[in-house]
Amino acid sequence: MCGIIGYAGPREAQEVLLDGLRRLEYRGYDSAGVAIVGSDLKVFKDKGEISKLSTDMPRLAGHLGVGHTRWATCGRPSQQNAHPFLDCTGQMAVVHNGIIENHLALREKLIGEGHVFTSETDTEVLVHLMEKHYKGDLHAALKETLKDIKGTYAMVVVRADCDELVAARKENPLVVGLGVGENIVASDVTAMLNYTNKALYIMDGETVVLRPDKVTIYDHDGVPVQRDPVVVTWTVDDAKRGGFEHYMLKEIFEQPTAIHNSLLGSLDELEAGSLMIDHEPASVKLVACGTSYHASMVGKYIIEALAKIPTTVELASEYRYMPNTEESPLTVLLTQSGETADTLAAAREARRRGCPTLAVTNVVGSTIAREVDRVFYTKAGPEIGVAATKTYTTQLMAMYLLGIRLGQLCHTMGRDEVRELTSELRAMPRYIGKVLDRGPEVEAATEMLVSARDAFYLGRNINYPTMLEGALKLKEISYIHAEGYAAGELKHGPLALLDASTPVVAACIKDHTYAKMLANISEVAARDSPILAIGIEGDSDLAAVADTTVSVPAVNPILSPVPLTVMVQLISYYTARKRGCPIDKPRNLAKSVTVD
Ligand code: AGP
């Protein structure tokens, strides 16, 4: 995915575009660029991050322009492949997020017509098509261009002799920020919070004409659309680093608040019997990618334990290949961004199959929110670090709430049981605070991981997915190869890989899996692997078998994934920090993956 932005107004466009691109950088950061209309149209773009672009770029005066930060999908990261792209006349520039599927055929045709291409990207066909169709009306040229292309896009076009930007959207996010005498269009609201909190979400198939004093949205047939702006509650400060060395650390520390906010109101709805769903489903299917998939796996344990409803979990990228074997399961799609292409495709397929759909997302106005029957919003606030942290633990909250709601509907939970569990949920921010207080201890414990090439993460039952998540976190930010394993599976193969150079992180809390976990840890110790065990405060038996232990507070075992997750987040953070890794922007990754 990429981040795009366009500005029209009285300010220097360069400042607004760079400021917005910095906030969109989580969407991609291998190259970036801007195009600004001053006395003529000027483009500056390069390989590398926005900070480099800002330092290297000369002052480009002008009040109208577009910008882009890239996560390469078609063509390697390079100056040539960076956006914006210019047409052959140098009059028009385009920025794009998405994939033009028929770009090869279009490129060949356009070259035959005399257009000269300068990059390897699919996007470049857009600017040449715009050039071909431009007859004095930028919006009309855009409409013609859209007829020629197959694929997905959020795109913005600027032209040297026009005082407007035109934009279009299909399956990639696009939002307009309405200011006073100025307007912004961007991939997400964080890019505009410095200037306005009034947002107009653009829908699939719509196009936009944006001037400093006016924004017009057109539907697919070219008919103007009336839409009221949404007031965004996220603030600029929410999206700032606020004194923390990395966004990831800030976001880990924001979890008590994020969880509190995500429960607030929802617990009242739960009490009133109006949360998330109205009917008891025969079965539940949870569908997601990456970290959200791990939250879904935890969700399966929760739903089956609390509501006794058969629950399956699917990777969103695999869902489309699975035969439809259940009678319309309640299909729950977890995606913090609400924009993950595989999860969106799964949502569409679920609807096609006639399944009731519920999305759990953190982004109001995101694509998924508009495509499903019901939405539950986690209230984690903006998450900038590529590694999901607070959006994960708030997804866990959504799973607990869903489990309890289903338990109410299926009469598998009595009032007292509901009351007891919800009061423990309310106490969760306090428990997380206790884990966060252990920062220095955790930092010291990560010493055994810092120079490892491989590591294993072991857990059982509801904390098997917790350790999958721990391994994923370590992989993505520290570049250490880490495998999450169900501890009982170790002896069925991976034990062959253990030796003194392969550390093992194991979750061993005092639930029904405790004795088995202790036995598994002893098996690991017998192979000389260094062991970092996460246990309950004061567990001397665990301390006796592990090399190092860090502890989490004792909670109801069904809630244990929450403090344990915060612990594995801290472990990966401190390990990556000691290794000097670019924690918020790991190589090759982007915050949400809008290609499938
Ligand atoms: C999380 O740390 C990862 N960056 C990634 O696995 C992510 O969870 C996945 O791409 C799904 O994203 P979503 O929740 O926005 O759909």
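A molecule sits in a pocket if more than half of its atoms lie within 2 Å of the pocket's grid points. The exercises below use a predicted model.

**Exercise 1. Find which pocket the ligand occupies, and describe that pocket.**

Step 1. Apply the criterion above. The ligand takes up the space of the second largest pocket.

Step 2. Give the volume. The second largest pocket holds about 480 Å³.

Step 3. Find the centre. The lining has 25 residues, and Cys289, Gly290, Thr291, Lys591 and Val593 are the closest to the pocket centre.

Step 4. Assign the lining to elements. α9, α11 (341-352), α13 (390-409) and α18 each give two or more residues.

Step 5. Sort the lining by class. It has 11 nonpolar, 11 polar and three charged residues.

**Exercise 2. Describe the shell of residues around the ligand.**

Step 1. Count with a 4 Å cut-off between heavy atoms of the residue and the ligand. The shell has 13 residues. Ser292, Thr335, Ser337, Thr340 and Glu476 are the closest.

Step 2. Trace the shell to elements. α9 (290-307) and α18 (463-478) are the elements that give two or more residues. α9 gives the largest share, with three residues.

Step 3. Sort by class. Seven shell residues are polar, four are nonpolar and two are charged.

**Exercise 3. List side-chain polar contacts of the ligand, then state how much of its surface the protein buries.**

Step 1. Set the cut-off: N or O atoms must pair within 3.5 Å.

Step 2. Take Glu476. An N or O atom of the Glu476 side chain is 2.4 Å from a ligand oxygen.

Step 3. Take Ser292. Here a side-chain N or O atom is 2.6 Å from an oxygen atom of the ligand.

Step 4. Take Lys473. A polar atom of the Lys473 side chain lies 3.0 Å from a ligand oxygen.

Step 5. Turn to the surface. The ligand taken alone exposes 410 Å², and the protein buries 92% of that area.

**Exercise 4. Characterise the largest pocket.**

Step 1. Give the volume. The largest pocket contains about 750 Å³ of space.

Step 2. Find the centre. Of its 44 lining residues, the closest to the centre are Trp234, Asn362, Val363, Gly381 and Pro382.

Step 3. Assign elements. β15 (230-231) and α7 (255-263) each supply at least two lining residues. α7 gives the most, with three residues.

Step 4. Sort by class. The lining divides into 19 nonpolar, 13 polar and 12 charged residues.

Terms used
Residues are numbered from 1 along each chain as its sequence is written. This is a predicted model: local features need pLDDT of at least 70, side-chain atom pairs count only at pLDDT 80 or more; totals for chains, interfaces and linings use all residues. Side-chain values use heavy atoms; hydrogens and water are left out. A residue is near a molecule or strand if one of its heavy atoms lies within 4 Å of it. A polar contact is a pair of N or O atoms within 3.5 Å; within protein, one must be able to donate a hydrogen and the other to accept it, and residues adjacent in sequence count only if both atoms are side-chain atoms. Accessible areas come from the Shrake-Rupley method with a 1.4 Å probe; for residues, only the protein chains shown count as cover. On a 1 Å grid over the protein atoms alone, a cavity is a set of points where a 1.4 Å probe fits but cannot get out, and a pocket is an open set with protein on both sides within 12 Å along at least five of seven lines; lining residues have an atom within 4 Å of a point. Helices (H or I, at least four residues) and strands (E, at least two) are DSSP runs, numbered from the N terminus. Ala, Val, Leu, Ile, Met, Phe, Trp, Tyr, Cys and Pro count as nonpolar, Asp, Glu, Lys and Arg as charged, and the others, Gly among them, as polar. Grid points are joined across faces, edges and corners, and a volume is the space filled by probe spheres set on the points.
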